[in-house]
Amino acid sequence: MTRHPVIGRFAPSPTGALHFGSLVAAVGSYLEAVGSGGNWLLRIEDIDPPREVAGSSARMIDDLQRFGMRADGPVLYQSSRTEAYQDAVDQLLVANKAYPCACSRKDLPASGIYPGTCKDGIPAGKHPRAIRFRLDSSIFEFDDLLQGHISESPANSCGDFVIKRADGLFAYQLAVVVDDEFQAITQVVRGADLLDSTCRQIALQKALGIEQPDYMHLPVAISADGKKLSKREQTDPVGHQDPAYALHKALYFLGQKPLGGLGLESLWIWALEHWDNTLIPRQKEIISAGV
Ligand SMILES: [Zn+2]
């Protein structure tokens, strides 16, 4: 059941230019929210300065405006939210739902599944580095608005995961959960490449007493050789394209059949009037040439 009014969001990381894959997620989240009379918010996920590309946030915001998408409220920058993330980490530590971990990358098995080395305390002679979230064997589940019923035990798929890194930065999984609550997001529409993260985020929501939003995971555009289009398109950003042409392509990718030859403004009017999420392809990946 979709909650009304919908508060949706688009939350890019400023690690490069806006590309076709991110445009699809922006358009899908925008039409789901605004098309149902709700609000659409923008969040810049700039919590990882080493990965950030200078000037990328401003350029993404400009590109979105040029495409005709304006957020219903101020842009939230994750770099301004470290106190809230630390509060959440402290809350989990106090509740014994998180613990310090002394392991470095070389201590971890090739599977990537954390074996729980530090869950009962730091081994003698070692020093705490990161903070991990403590999982039990619970299965977490949700009904994705596109991909159907999803259930997973994060304890089996990844084990206790890092919420605060050894370098002092907060992990994406924690920040996204804290900020979706802060922005009162009721519906998360994003690429299916993030489907694997969702049960981890639901586990954190439950531990922090946060209400679970609805989820819709859109197909991700890949090239014929199976690579995520976003990688290649860092050199071919969507911002260089005619916005009406690129929007038309994004709508087609999402299963909509807009009339040809419409200008940007008429295309948005058409899209808001005709948006039909039952037409979105249900695959997790679709081969696409982008724009
Ligand atoms: Zn450890």
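Begin with the zinc site of this predicted model, where the donor residues follow one another in sequence with the spacing C-x1-C-x10-Y-x3-C.

**First stop: the zinc ion**

Select the zinc ion together with Cys101, Cys103, Tyr114 and Cys118, which are its protein donors. The donor atom is SG in Cys101, Cys103 and Cys118, and OH in Tyr114. These atoms lie 2.0 to 2.3 Å from the zinc ion.

What arrangement do the four donor atoms form around the zinc ion? The angles they subtend run from 101 to 121°, and the arrangement is therefore tetrahedral. Four donors count as tetrahedral if all angles lie between 85 and 135 degrees. For comparison, the ideal angle for four tetrahedral donors is 109.5 degrees.

Next, keep Cys103 and Tyr114 selected and display the strands E4 (98-101) and E5 (130-133). Cys103 and Tyr114 each lie in the loop between E4 and E5, so the pair ties together parts that are eleven residues apart in sequence. Both Cys103 and Tyr114 are buried.

**Second stop: helices H5 and H6**

Select residues 172-182, which form helix H5, and residues 195-208, which form helix H6. The two helices pack at an angle of about 60°, and their axes are 9 Å apart. Because of this angle, H5 is oblique to H6. The crossing in which H5 passes H6 is right-handed.

Which residues make the contact between H5 and H6? On H5, show the side chains of Tyr172, Gln173, Leu174, Val176, Val177 and Val178. On H6, the residues to show are Ser197, Arg200, Gln201, Leu204, Gln205 and Leu208.

**Third stop: Ser22**

Move to helix H1 (residues 20-34) and select Ser22, which has its place there. Is Ser22 buried or exposed? Its relative accessible area is 10%, so Ser22 counts as buried, the cut-off being under 20%. Now add Pro12 to the selection: Ser22 and Pro12 are ten residues apart in sequence, and their C-alpha atoms are 7.4 Å apart in space.

**Last stop: Phe253**

Finally, select Phe253 in helix H8 (residues 243-253). Phe253 has a relative accessible area of 8% and is therefore buried.

Which residues is Phe253 in contact with, leaving aside its neighbours within four places in sequence? They are Phe20, Val24, Pro219, Val220, Ala221, Pro281, Ile286 and Ser288. To end the tour, select Leu93 as well: Phe253 and Leu93 are 160 residues apart along the chain, and 43 Å separates their C-alpha atoms.

Technical notes
Residues are numbered from 1 along each chain as its sequence is written. This is a predicted model: local features need pLDDT of at least 70, side-chain atom pairs count only at pLDDT 80 or more; totals for chains, interfaces and linings use all residues. Side-chain values use heavy atoms; hydrogens and water are left out. Donors are N, O and S atoms within 2.8 Å of the metal (3.2 Å for Na, K and Ca); water is not among the atoms, so sites may look incomplete. Four donors count as tetrahedral if all angles lie between 85 and 135 degrees; four count as square planar and six as octahedral if opposite donors are over 155 degrees apart and all others between 65 and 115; anything else is irregular. Helices (H or I, at least four residues) and strands (E, at least two) are DSSP runs, numbered from the N terminus. Buried means under 20% relative accessible area, exposed over 50%, partly exposed in between (1.4 Å probe, protein chains only). Axes are lines fitted to C-alpha atoms, for helices over the stretch in contact, and angles run from 0 to 180 degrees between N-to-C directions. Angles under 35 degrees count as roughly parallel, over 145 as roughly antiparallel, 65 to 115 as roughly perpendicular and the rest as oblique. A crossing is left-handed if the near helix is turned anticlockwise from the far one by less than a right angle, and right-handed if clockwise. Contact means heavy atoms within 4.5 Å.
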